[in-house]
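Please read the following report alongside the sequence and the structure, which are shown here.

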Amino acid sequence: MSDTDLPGTATLAESVELAVVTRSGFVESRHAGSAVVLSPGGEIVASIGAPDRPVYPRSSLKPFQALTVLESGVELGSVQTAMSMASHTATPAHIAVVRSLLELGALTPDALGCPADWPADAAARTEVIRSGGHPERLFMTCSGKHAAMLLACAVNDWSTTDYLDLAHPLQQRILATVERLTGEPVVHTGVDGCGTPVHAMSLTALARGYHRLRLAEEGPARQLVDAALANGWAVEGPGRPNSIVIDRLGVLAKFGADGVMVLAAPDGTTVALKILDGNLRPATLVALSLLARHSALEPAAVADVVSELDLTVWGRGEPVGAVMVSPNL
């Protein structure tokens, strides 16, 4: 089978330029992709590129996975709940929460099915290296999700050795949650970088799932959203885009590897986008700009947050350009 015969996301011809990168008055790079914006009522108010083509949400799937854990009878505190949907940077504070999740199920880090990795946080990684440490499963950015999944297995007397298999009871429940929240059948399932099943869906379906989560009034969905908003640092890490957006704007934010970003504003306005080349560099900027354009956020507040993101292009130690929303968007 050739690449052209494989199922997949939108083509370049179907995509739209979302962002440009300038250097010294010259457009050095262009980022194309697709996006969809849902109104507070859930209607599509902007369809850019091909948002009905499937994408792998990657880590943007985590809130659906975490919701399934909560609905399976697991009782968690606020920060533990946030960690269950996190793509953390493995600071010591993150690792302490992951350990607490494992301890609730009388589990050890050896039970984690995610691969070993170094901490993504620079200071934490330096300290591990300085102390003679090595990559560990605990440090992997998805270890909080895996610990929560294992805890759900322990609580329900499900096997913990094959919890990543699609046929496992937990994974079957996650699949049902995904289809219930998005309102669409999953079109393809693969293996994510951390080892869990990853379910392909349209950007529109992904946005609808987040829209329903964001506006949930009670139950585990409300618990999950409230925990994420109260613990932005846990969802990603200090100084990281998702954490900044959550803490500064009260927006539910979750990136996914290979260029996926979903933002759900307090009023329910939701943006889901995919950068076609997989580069997350412009994703937060574009998503915030679309929320502001549709009056879900104040432009001045968005501008303040954008100034905290790493969007400057440098030359000779001085600013010479920036990542910018495409003038054609």
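## A charged pair early in the chain

In this predicted model, E14 has a relative accessibility of 32% and therefore counts as partly exposed. R53, at 27% relative accessibility, is likewise assigned to the partly exposed class. The two side chains form a salt bridge in which the closest N and O atoms are 2.6 Å apart. This pair links distant parts of the chain, since E14 belongs to the segment before strand 1 (16-23) whereas R53 sits in the loop between strand 3 (44-48) and strand 4, 39 residues apart.

## Further salt bridges

Side chains of opposite charge can pair when their charged atoms come close. Across the whole structure, a search finds 9 salt bridges. One of them is formed by the side chains of D258 and R58, with an N to O distance of 3.2 Å. Because D258 lies in the loop between strand 7 and strand 8, and R58 in the loop between strand 4 and helix 1 (62-71), this pair ties together parts that are 200 residues apart in sequence. With a relative accessibility of 42%, D258 counts as partly exposed.

Another salt bridge joins R248 to E308, and here the closest N and O atoms are 1.7 Å apart. R248 is located in helix 10 (residues 241-249) and E308 in the loop between helix 12 (299-306) and strand 10 (312-315), so the pair ties together parts that are 60 residues apart in sequence. R248 is partly exposed, with a relative accessible area of 42%, and E308 is also partly exposed, with a value of 39%. In addition, salt bridges that share partners join R58, D192 and D258 into one network.

## The hairpin of strands 7 and 8

Strand 7 (residues 252-256) has 5 of its 5 residues buried, so this strand is largely enclosed by the rest of the structure. L252, K254 and G256 point one way from strand 7, while A253 and F255 point the other way, and all of these residues are buried.

Strand 7 runs antiparallel to strand 8 (residues 260-264), and 5 bridges join the two. Within this pairing, A253 stands opposite L263 of strand 8. The two strands form a hairpin with 3 residues between them, and D258, in the turn, has a positive phi of about 65°. The turn residue D258 is also the salt-bridge partner of R58.

## An open sheet of three strands

Another group of strands forms an open sheet of 3 strands in the order 4-6-5, with antiparallel pairing. Strand 4 (54-55) and strand 5 (188-191) stand at the edges, each with a single partner strand, so one side of each is left without a neighbour in the sheet. Between strand 5 and strand 6 (residues 197-202), which run antiparallel, there are 4 bridges. T189 has H199, in strand 6, as its bridge partner.

## A buried lysine without a salt bridge

What is the nearest side chain of opposite charge to K145, and how far away is it? K145, which is found in helix 5 (residues 143-156), is buried yet has no salt bridge, and the nearest side chain of opposite charge is that of D192, 4.8 Å away. D192 itself takes part in the salt-bridge network with R58 and D258.

The side chain of K145 does make a polar contact of 3.5 Å with the side chain of Q65. When residues up to four places away in sequence are left out, K145 touches K62, Q65, M83, S84, C194 and T196.

## Two helices

Helix 7 (residues 203-214) has 12 residues, which at 1.5 Å a residue should span 16 Å, and its end C-alpha atoms are 16 Å apart, in agreement with that expectation. The helix is mostly covered, with 10 of its 12 residues buried. These buried residues are L203, T204, A205, L206, A207, G209, Y210, H211, L213 and R214.

A122 has its place in helix 4 (residues 122-130), and its relative accessibility of 44% means that A122 counts as partly exposed. The C-alpha atoms of A122 and V320, which are 198 residues apart along the chain, are separated by 25 Å.

Methods: Residues are numbered from 1 along each chain as its sequence is written. This is a predicted model: local features need pLDDT of at least 70, side-chain atom pairs count only at pLDDT 80 or more; totals for chains, interfaces and linings use all residues. Side-chain values use heavy atoms; hydrogens and water are left out. Buried means under 20% relative accessible area, exposed over 50%, partly exposed in between (1.4 Å probe, protein chains only). Two strands pair if DSSP finds at least two bridges between them. Lys and Arg count as positive and Asp and Glu as negative; His and the chain ends are not counted. A salt bridge is a side-chain nitrogen of Lys or Arg within 4 Å of a carboxyl oxygen of Asp or Glu. A polar contact is a pair of N or O atoms within 3.5 Å; within protein, one must be able to donate a hydrogen and the other to accept it, and residues adjacent in sequence count only if both atoms are side-chain atoms. Contact means heavy atoms within 4.5 Å. The expected span of a helix is 1.5 Å times one less than its number of residues.
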